[in-house]
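Me: I am new to reading protein models. Please take a close look at one part of this one for me, the disulfides and what surrounds them, and keep the sentences short.

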Amino acid sequence: MPVTTQRRTALITGASALALALALSLSDAAYAGEQPSNSQGANTEQSGGSDKTGIYAAARIQYSGAVAPDGSKGNVTSADVNWTPPPCWYAPYLGAKDFKKKMSAEIKEAASAPGMTGTPAAAMGQTKAHYEDEYGWTDTPGYKDYNVAKDGEGMFWAGVENPNEPDYLKRNSCTDLPFWVDNGEAPPPQYEEAITPEILAALAYQHMELPGTEVALAPAQTTKVNLPTWAWLDKADFHEVQATAAIDVPGFAVTATTTAKPVSLRLEPGTPDAETYPASGECTINDDGSIGEPYARGKADRTPSCGIKYLRSSGDGTFDLQATITWEIAWTGSGGTGGDLPDGTFENAQAVTVQEIQAVNR
C-alpha cells in the first residue's frame, strides 16, 4: 500500500505544493497485506512491507479468532447503514535509523527528478529541513538528523490505508507527514486517526467471520400449503464468536477483542403469500441460548414458536427463505477500554419447495 505523506498545514503556498513533492518521494509501499493460509483460530496480518533496501516496517495488525482468510472482509453487515470501519489510520512505521535510510533516499531521488523546480522543489526542501534541521510549525516540531540520537526510544508513525475501503479518497486521507512517538507515550493529539483499541475493535469487526448457520426446518426442504413449518436453531450451532486485532511493537502494544452474540432470527418466506410465527417474523433467543423449538412427534396440532405457513404452492420452483440472524456486537481492549458497536446481521438463503396437499378420490 503506498503511503502518501502530506502535511495539511501549508509549508509554502499551500498543502497542494507539498502533496505534489511528496507524491514523487514516498512512492514505495509502507504497509502490505500478508496472505495467511487459513482463518478460524489463525492469525491474519496487515504488516509492514520490505523492499530492496532491506527496510521493514515493524508494525503489524494481527487478526485472530473468527476472522476471514487472506485479510479480506468478513461476512458481517452492520445494521447501522451510517457506520463504516476506519478507512485509514496512523501506526508505528520505522525506527529512526531505518526511517532516515528510507526517507533520505526518497527525498534525494525526488529532488533530482525532472521538473522538480519552483514550488514543488521548495516544498521538498522544507520537507528535508523538517527531518534534518529541526524545521517545524505549529504543534509539529522538526527533527535533528531524523531523530537518530533517539533510535530505539520510539518510532516514526505513518499513515496506513485500509485495503478493504472502496473509496479512494477516504482510503488516502491519512496524509500527514510521518511523525515521531516516544515509547510508552501517546501520539500527539492532532493525529485523531492514530491507532487505538477502539480502531482495532472496528477493524476486528470488519474482518469477523460469523458461522453460516442453516436454520433447521420441519418439514425439511419440502412442505405443504397451509401446513405450519417449524424453524429453529440449536444452541450448539448458535453461539457467540470473537475476533481479535492487535499491534505489538517495541514501546507500543495494543489489542482489542470484538464479540458477537446472537440475539434474534428474522424469517422472510420469499413470498407475500405466507404467514410467519410470530407475526413479526422475529424469533427471539430462548433462555438456553437456542431459537425456536425443534419439531417432534405429538406437536402436529401445535403452533410453532418460530416458523412459517405458506399459503400457496411454489409450483415447479422454490421459495427463497431468508433467515437473517442479528448479532449484538461489543468490544474490550487494552487499558480497560471497551464499548458497543452497531449490531451486525448475517443472512442465509434456503430453497423451500411448497406442494399442494393432494386429495385421494375413491
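Reply: Here is a walk through the disulfides, with the whole chain first and the aromatic rings after.

Start with the overall picture. This is a predicted model. The protein has five helices and 18 strands. Of its 362 residues, 48% are buried. The exposed surface comes to about 17400 Å². Carbon and sulfur atoms supply 48% of that surface. Now take the contacts with a separation of 6 or more. Residues 24 or more positions apart account for 72% of them.

How far can the model be trusted? The mean pLDDT of the protein is 82. A value of 70 or more is reached by 82% of the residues. Confidence is highest in helix α5, at 97. Confidence is lowest in strand β1 (residues 31–33), at a mean of 32. Residues 1–57 have a pLDDT below 50. In the model, that stretch has 164 contacts beyond near neighbours in sequence. Where pLDDT is low, predicted coordinates should not be read in detail.

Now to the disulfides. How many does the structure hold? There are two. Count the bonded cysteines along the chain, and the pattern is 1-2, 3-4.

Take Cys88 and Cys174. Their sulfur atoms are 2.0 Å apart, and the two residues form a disulfide. The torsion about this S-S bond is about 80°, so the disulfide is right-handed. Where do the two ends sit? Cys88 lies in strand β5, and Cys174 lies in the loop between α4 (168–171) and β7. The bond therefore ties together parts that are 86 residues apart in sequence. Is Cys88 buried or exposed? Cys88 has a relative accessible area of 5%, so Cys88 is buried. Cys174 is at 7% relative accessibility, and therefore counts as buried. The cut-off for buried is under 20% relative accessible area.

Next, Cys283 and Cys306. A disulfide joins these two, with an S to S distance of 2.1 Å. The torsion about the bond is about 90°, so this disulfide is right-handed. Cys283 is in strand β14 (residues 282–284). Cys306 is in the loop between β15 (291–292) and β16 (307–310). The two cysteines are 23 residues apart, and the pair links distant parts of the chain. Both Cys283 and Cys306 are buried.

What touches Cys283? One residue in contact with Cys283 is Ser264. Ser264 sits in strand β12 (residues 252–268). Its relative accessibility is 8%, so Ser264 counts as buried. Leave aside neighbours within four places in sequence. Ser264 is then in contact with Phe238, Glu282, Cys283, Ile291, Thr324, Ile325 and Thr326. With Glu282, the link is also polar: the two side chains make a polar contact at 2.9 Å.

Go back to strand β5, the strand of Cys88. Aromatic rings come in here. The structure holds 17 aromatic pairs. One of them joins Tyr90 and Tyr191. Their ring centres are 5.8 Å apart, with 70° between the planes. That pair is edge-to-face. Tyr90 is in strand β5 (residues 88–94), and Tyr191 is in the loop between β7 (179–182) and α5 (197–207). The two tyrosines are 101 residues apart, and they link distant parts of the chain. Tyr90 has a relative accessible area of 0%, so Tyr90 is buried. Tyr191, at 5%, is buried too.

A further pair is Phe156 with Trp180. The ring centres are 5.1 Å apart and the planes stand at 75°, so this pair is edge-to-face. Why does that angle count? Planes over 60 degrees apart are classed as edge-to-face. Phe156 is in strand β6 (residues 154–161), while Trp180 is in strand β7. They are 24 residues apart, and the pair links distant parts of the chain. Phe156 is at 0% relative accessibility and counts as buried. Trp180 is buried as well, with a relative accessible area of 9%.

These two rings belong to a cluster. Ring pairs link Phe99, Tyr131, Tyr143, Tyr146, Phe156 and Trp180 into it.

To sum up the part you asked about: the structure holds two disulfides. Cys88 pairs with Cys174, and Cys283 pairs with Cys306.

Terms used
Residues are numbered from 1 along each chain as its sequence is written. Side-chain values use heavy atoms; hydrogens and water are left out. Helices (H or I, at least four residues) and strands (E, at least two) are DSSP runs, numbered from the N terminus. Buried means under 20% relative accessible area, exposed over 50%, partly exposed in between (1.4 Å probe, protein chains only). Contact means heavy atoms within 4.5 Å. Accessible areas come from the Shrake-Rupley method with a 1.4 Å probe; for residues, only the protein chains shown count as cover. A polar contact is a pair of N or O atoms within 3.5 Å; within protein, one must be able to donate a hydrogen and the other to accept it, and residues adjacent in sequence count only if both atoms are side-chain atoms. Rings of Phe, Tyr and Trp (its six-membered ring) pair if their centres lie within 6.5 Å; planes under 30 degrees apart count as stacked, over 60 as edge-to-face and the rest as tilted. pLDDT is the predictor's confidence in each residue, from 0 to 100. A disulfide is a pair of cysteine sulfur atoms within 2.5 Å.
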